[in-house]
Amino acid sequence: MNMLSLVRNRSIAFKLVLFILSSCVIIFAGIFTYNYGVSRRMLVNKIEDSARNLISGTVSKIESKILPAEKVPEFLSIAMTKPDIGKDDIIGLLRMVLEKNPEIYGSAIAFEPYAFDKDQVYYSPYACRKNGTIEFTDLGTDEYAYPKWGWYKTPKKLDRPVWSEPYYDTGGGETLMVTYSVPFYRETAGKKKFTGIVTADLSLAWLEKMVSSLKIGKTGYGFLVSKKGMLITHPDKSLVMKNSVLKMPSKKNMYLFEVGDEMVNGEIGFVPTKDAATGKRIWIAYAPVPATDWSLAAVFPKGELMEDLHNLNRIVLLIGSLGLFFLTAVIYLFSNSITKPLKLLASRTRDIAKGNMDFDLPISDSKDEVGSLARALRYMKTELKDYISRLTKTTQEKEKIQSELKIARRIQLGTLPRVIPPFTGRDEFEICATMRAAKEVGGDFYDFYFIDDKHLAFTIGDVSGKGVPAAIYVAIAKTYIQSIAKVVKEPEEILTRVNKALAHDNIAAMFVTVFFGILNIETGEMRYSNAGHNLPMIIRNGKDPEFFEKPSGCVLGAFEDAPMGEGKTQFHPGDTLYMYTDGVTEAMNINKEEFTDERLKERLTIHKDDSIKKMVEGTFAAVEAFARGAEQADDITILILRYFGKEGPGKHAGKSEEYQIKNEIPQIRVLANFMEEFGKKNGIPDDLMNDVNLSLEELIHNTISYGYEDGSLHFIDVRIRLKDKELLLEIVDDAKAFNPLETPKPDVNKPLEDRTVGGLGIFIVRNIMDKVEYKRKKDKNILILKKAI
């Protein structure tokens, strides 16, 4: 039992609680989700703005220390361009620089080898702060070899001032520092020549102190990355100046690796990630320090910053849950006040359903729907008693009428020729007729009889109106036609006399359309007269059906002097006359579209070689398929006559069958079994039927495989006919247009690997069959195969 069934079988109180509460939960969840999403987005935006401001402010503080330091070596580099400056002057300049610039840890003036003194390789006086005093040392020793240090080589190579990567200056400042190096030059023989480097060192102690002051929440912190990715400052001292953030050694610091590229490339960002060491979600905000190409970052603990929002949401959820519980209690109590009287009314309704009208209903003065229902039920009980009494009488009368109509229908059908085939022993022709009334009795009729030994009279007609009046008028018209035809031999004169008889004192103003013909069964000559009826069709032996040409006179019973025309045609052995009423061509589907003469003609073209019985069945099947469930609005009558002449049906009858398959490959095997059975029944050699099945399999397989692109179900009709020692096959499908006869013939003399794909199958079919034809008609492919037996 599914959930829907469980709900359907529960009480109204349960359903009210379920549906109202569910709706409230959905609404509350929607509001809560929306509010949480908006609040969270606003908070995140605010945190991001604060982070950017915090980073930007700290970067400004760092640059406020760094940028003034750049001016010192630039000043010294200008002073060093003078060729006559001595050692005392240099020492004095270095001392002055450190005394005037307390943010500078140390400063050096490093000359190119032999540039200061031709007899001295290195000369690089260096002043730095140690123990509160300024100390001097000469870096120009073989052990220190300052030309190999980065702070010297890089600006010399780039020919511009450069900030170095952070490093520990062993043998010099003996501390972790960064150096701003400025090259200086002197003119020699009118040309500028590189002479040395002037530096200003900044100890990273103050930088670490400044970055560590970035406190975000309880666990947030800041860190600084050099332009090569080295950590300059970080709370974890084991990471400082150890590895590049681009090559973090463990998953513990994976978040540094995730933002390392962007930081080294000088990008600005605010990204969410996860601290693998703590397992907590964090945000990292970072921005470059333009003066040094470093990057400053701050870690924001997401959980701490979002804690207030989460606490607020928990309170909202608690209040909402209490509200839903209170709402449930209110709905349950209110629904019970409604359902209790409804249960009583339901039990009384079951009494009414059982036919028990003797019960009392509670009197309710309530003005609500329950009170209205109780009053309506009392009124219904009273009215039902009266209605049942009246219905009993009406039902008895209706059953009597229905019984009489059934008797009338049996009488009407009894007046029609019922023996099929009629006229046993007559081989010159065969005749088949069927009528389907739209109501119990109808206004269509047909008739056929001999008026002498060699003249067969036949009639098909349609009376205006439906039901019993039409049936009575049918009986009168049939009687007139049959009785006058026994005396008068001319179709026009017969209908003229019938018209006068019907039109005289026609108080009901009814009329009838009639097609009446007389066939000479020895010569095949037919004379006919048409009183406003649908023109029949004639199917000449082996040809497509054609409509009769006029004459067509006026309907019978409308005017006493109405003219009736007469026509004549010659039947040949195998010709078929198809007569019908307008119930066929005017049958409508649910879209109010008519079946039309064109569809009827198309259907008869399909069945032109079939037996007349199958032709009748095929017409009714086509009309029913077209109507697709729409109610039959008019009587449908069909009368078919096939003429054979003195030779009888043997020469012209032929043997034909039709089979329909789906557009599915396994259906080909089913069709092959049908063809084998047809061959056995008609004595066709097995080897010939094998060739036929091979041809059918090749053609239909290609149609199913390549002709349908919509993936839907389609049908393929296969018709087979044996006549005059020739086997005729017709394949009809609604696949896309394709003429296989236009496929180029394959060169069968080439090796298999050199042949083009395709064409071999139709080549085999054309060699097996005597004749293959193709045509496209009404959006259908039609292949005709012929094989002599």
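# A walk through the strands

Start by selecting residues 576–580, strand β21, together with β22: the two pair in the antiparallel sense over five bridges. Bear in mind as you click around that this is a predicted model. Within that pairing, put labels on Met579 and Leu639; Met579 stands opposite Leu639 in β22.

Now stay on β22 and add its other partner to the selection. Strand β13, residues 429–436, is joined to β22 by eight bridges, and these two strands run antiparallel. Leu639 turns up again here, as the bridge partner of Ala433.

Before leaving, colour β22 (residues 636–643) by burial. Eight of its eight residues are buried, so the strand is largely enclosed by the rest of the structure. In a regular strand the side chains alternate between the two faces of the sheet. Show the side chains of β22 and check both sides: Ile636, Ile638, Ile640 and Arg642 are buried on one face, and Thr637, Leu639, Leu641 and Tyr643 are buried on the other. Arg642 is worth a click, as a buried residue in that first set.

Zoom out for a moment to get your bearings. The protein has 16 helices and 27 strands, and 43% of its 789 residues count as buried. Take the contacts between residues with a separation of 6 or more: 63% of them are between residues 24 or more positions apart.

Next stop, the five-stranded sheet. Select β14, β15, β16, β17 and β20, which form an open sheet in that order with antiparallel pairing. Its edges are β14 (444–450) and β20 (567–570), each of which pairs on one side only. On average, neighbouring strands here are turned by 15 degrees against each other, direction ignored.

Begin at the β20 edge. Strand β17, residues 525–531, is joined to β20 by four bridges, and the two run antiparallel. To find one residue pair there, click Glu525, which stands opposite Gln570 in β20.

Then cross to the other edge. β14 and β15 form a hairpin with four residues between them, and seven bridges join these antiparallel strands. Pick out Phe445 and you'll find its bridge partner in β15, Gly461.

Is this edge strand buried or exposed? Seven of the seven residues of β14 are buried, so the strand is largely enclosed by the rest of the structure. Turn on its side chains: Asp444, Tyr446, Phe448 and Phe450 are buried on one side, with Phe445, Asp447 and Tyr449 buried on the other. Keep β14 on screen and add helix α9, residues 467–485. The helix lies across β14, β15 (455–463) and β16 (512–520), and runs at about 20 degrees to β14.

For some empty space, turn on cavities. There are two of 30 Å³ or more in the structure; go to the second largest, which holds about 40 Å³. Select its lining: Ala108, Tyr126, Leu139, Tyr144, Trp151, Tyr167, Asp169, Thr199 and Asp201. By type, these lining residues divide into six nonpolar, one polar and two charged.

Finish at Lys745, in the loop between β25 (726–733) and α16 (760–768). At 64% relative accessibility, Lys745 counts as exposed, because the cut-off for exposed is over 50%. Last, draw a C-alpha to C-alpha distance from Lys745 to Ile762: the two are 17 residues apart in sequence and 8.4 Å apart in space.

Note on methods
Residues are numbered from 1 along each chain as its sequence is written. This is a predicted model: local features need pLDDT of at least 70, side-chain atom pairs count only at pLDDT 80 or more; totals for chains, interfaces and linings use all residues. Side-chain values use heavy atoms; hydrogens and water are left out. On a 1 Å grid over the protein atoms alone, a cavity is a set of points where a 1.4 Å probe fits but cannot get out, and a pocket is an open set with protein on both sides within 12 Å along at least five of seven lines; lining residues have an atom within 4 Å of a point. Grid points are joined across faces, edges and corners, and a volume is the space filled by probe spheres set on the points. Ala, Val, Leu, Ile, Met, Phe, Trp, Tyr, Cys and Pro count as nonpolar, Asp, Glu, Lys and Arg as charged, and the others, Gly among them, as polar. Two strands pair if DSSP finds at least two bridges between them. Axes are lines fitted to C-alpha atoms, for helices over the stretch in contact, and angles run from 0 to 180 degrees between N-to-C directions. Contact means heavy atoms within 4.5 Å. Buried means under 20% relative accessible area, exposed over 50%, partly exposed in between (1.4 Å probe, protein chains only).
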